[in-house]
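Biologist: Hey, I've got this one open and I'm new to it. Can you walk me through it?

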Amino acid sequence: MADTVAFLFLLLGLSMPSLKLTDAQAELRSIGVCYGRIGNNLPSEQEVVQLYAKNGFTKMRIYDPNEPTLQALRGSNIELMIGVPNQDLQSLSDASAANLWVQKYILPFSTDVKFRYIAVGNEVNPSEAAAQYVLPAMQNIYSAIRSANLQSQIKVSTAIQTSLVGNSYPPSSGSFSEAASSFINPIVQFLKQTGGPVLANAYPYFSYIGDPENINLDYALFAAPGIVFQDGKLGYQNLFDATLDALYSSLEKAGAPELEVVVSETGWPSAGGAAATLENARNYYRNLVPRVNSGTPKRPGKATETYLFAMFDENQKGPAETERHFGLFSPSMQPKYKIN
């Protein structure tokens with residue numbers, strides 16, 4: 001547990017005060033870290049799992065059923081979100097293929113790997129050909145999980161972009177765009193029936209660089225000194241909360257006010273583009289980590305399970321240079337954000 005305390009304050013860029021261990025546990029309780037592997041200089045899967053454990057990270061997201069990672073996770077107690085790559089969605093819209101997928105990648109590991117979610121597809125655009133296969137693949141994977149009696153442990157969902165919300169300002173007016181509705185509404189109904197959460201990739205960074213004239217940098221970095229705008233009785237001090245509450249409003253309008261939102265990715269790049277600096281990235285993570293445990297103005301007091309993107313800088317990502325600089329750690333496993 002001492003390692004958890006040390007890394008928390010390392011990440012936040014703070015000096016170590018006198019702190020109860022239970023306080024540090026509370027800070028990291030809702031935090032996971034995405035483990036991307038689009039690089040040719042990354043450490044081994046076993047080293048990565050050891051790094052997670054050393055630094056107190058208890059949740060991991062991976063983007064494909066990488067068997068060396070699954071082997072390394074055995075007995076680790078790290079909760080896992082495992083992904084189905086978009087290119088596999090069409091094949092898994094066949095029930096027998098989905099059964100084989102579960103039999104190969106889930107069942108052999110289910111006794112000593114703590115599967116938490118299966119993310120069937122990542123940021124599939126409703127206009128893409130793959131969109132028609134997302135829900136059938138989700139249904140088939142869920143049926144296979146249910147046949148193995150694992151449905152109470154493993155939830156099946158898909159990771160969406162928050163850009164599916166066509167109207168997001170103010171958050172209370174949030175609604176899915178007309179173009180997205182035919183894609184997302186049946187998925188929302190499936191999640192209502194099966195008890196899975198909405199997985200959402202939320203990036204204030206991209207919102208900011210897309211509209212810097214109207215979005216203040218401090219508002220995107222959780223650094224605004226006070227309420228930036230009022231939405232009825234609710235006041236908003238940061239873009240992250242406003243983005244999530246617009247999604248909650250969209251779910252309400254789609255007939256699913258009870259659905260939980262899990263932030264399956266969020267982060268800030270440290271180099272490679274506008275506002276992508278080491279200081280801004282550090283400040284984003286420093287301010288985000290304690291914030292997610294407080295909930296949003298619309299859902300106060302309810303922690304938001306959130307996955308930081310990403311564990312490492314990935315030198316083969318692209319096409320934008322910023323895509324290579326989202327890591328909390330360098331590939332040498334050295335933390336990028338050091339104690340002041």
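Biologist: Which element gives the largest share of the lining of the largest pocket?
Modeller: That's α11, with five residues. Keep in mind that this is a predicted model.

Biologist: What volume does the largest pocket have?
Modeller: About 1200 Å³. Of the 47 residues lining that pocket, E123, Q161, N201, Y203 and F206 are the closest to its centre. The elements giving two or more residues to the lining are β2 (59–62), β3 (79–84), β4 (114–122), α9 (204–210) and α11 (239–253).

Biologist: And how does the lining of the largest pocket split by class?
Modeller: You get 23 nonpolar, 15 polar and nine charged residues there.

Biologist: OK, next one. How much space lies in the second largest pocket?
Modeller: About 150 Å³. Its lining is E79, K114, F115, R116, Y117, S152, Q153, K155, P197, E260 and E305. By class, that makes six charged, three nonpolar and two polar residues.

Biologist: Which strand supplies the largest share of the lining of the second largest pocket?
Modeller: β4 does, with four residues.

Biologist: What about closed-off space? How many cavities of 30 Å³ or more does a search of the whole structure find?
Modeller: One. The volume of that cavity is about 40 Å³.

Biologist: Which residues line the largest cavity?
Modeller: S157, T158, I160, I184, I187, V188, L191, P197, V198 and L199. Eight residues of the lining are nonpolar, two are polar and none is charged.

Biologist: Which elements do they come from?
Modeller: β5 (155–161), α8 (178–194) and β8 (198–201) each supply at least two residues of the lining. α8 gives the most, with four.

Biologist: While we're on α8, I clicked on T194, which is found in that helix. Is T194 buried or exposed?
Modeller: Buried. T194 has a relative accessible area of 13%, and a residue counts as buried under 20%.

Biologist: How far apart are the C-alpha atoms of T194 and Q151?
Modeller: They're separated by 8.3 Å, with the two residues 43 apart along the chain.

Biologist: Let's switch to β2, from the largest pocket. Which of its residues are buried on each side?
Modeller: K59 and R61 are buried on one side, and M60 and I62 on the other, so both faces of β2 are covered. As background, side chains in a regular strand alternate between the two faces of the sheet.

Biologist: Which strands does β2 pair with?
Modeller: One partner is β1 (residues 31–34), parallel to β2 over two bridges. C34 has R61 in β2 as its bridge partner. Another is β3, also parallel to β2, with four bridges joining the two. There, M60 has L80 in β3 as its bridge partner.

Biologist: How does the chain get from β2 to β3?
Modeller: Through helix α4 (residues 67–73), in a right-handed β-α-β crossover. β1, helix α3 (residues 45–54) and β2 make a right-handed β-α-β unit as well.

Biologist: Now β11. How many of its residues are buried?
Modeller: Six of six, for the strand covering residues 261–266. β11 runs parallel to β8, and four bridges join them. One of the residues involved is N201, whose bridge partner in β11 is E265. N201 is also among the residues closest to the centre of the largest pocket.

Biologist: Which residue in β12 is the bridge partner of V263?
Modeller: T306. β11 and β12 (residues 306–308) pair in the parallel sense over two bridges. Between those strands the chain crosses through helix α12 (residues 278–291), and that β-α-β crossover is right-handed.

Biologist: Let me zoom out. How many helices and strands does the chain have?
Modeller: 12 helices and 12 strands. The radius of gyration is 19 Å, close to the 20 Å from the globule rule for 340 residues, so the chain is as compact as a globular protein of that length.

Biologist: What does the C-alpha trace span along its principal axes?
Modeller: About 55 × 45 × 40 Å.

Biologist: Last one: what percentage of the 340 residues is buried?
Modeller: Buried residues make up 54% of the chain.

Note on methods
Residues numbered from 1 in each chain as written. Predicted model: local features only at pLDDT ≥ 70, side-chain atom pairs only at ≥ 80, totals over all residues. Heavy atoms only, no water. 1 Å grid on protein atoms, 1.4 Å probe; cavity = no way out; pocket = protein on both sides within 12 Å on 5 of 7 lines; lining within 4 Å. Points joined across faces, edges and corners; volume = space filled by probe spheres on them. Nonpolar A, V, L, I, M, F, W, Y, C, P; charged D, E, K, R; others polar. Buried < 20%, exposed > 50% of the residue type's maximum accessible area, 1.4 Å probe, protein only. Pairing = 2+ DSSP bridges. Right-handed = clockwise from strand over helix to strand, strands pointing away. Rg over C-alpha atoms; globule rule 2.2 N^0.38 Å.
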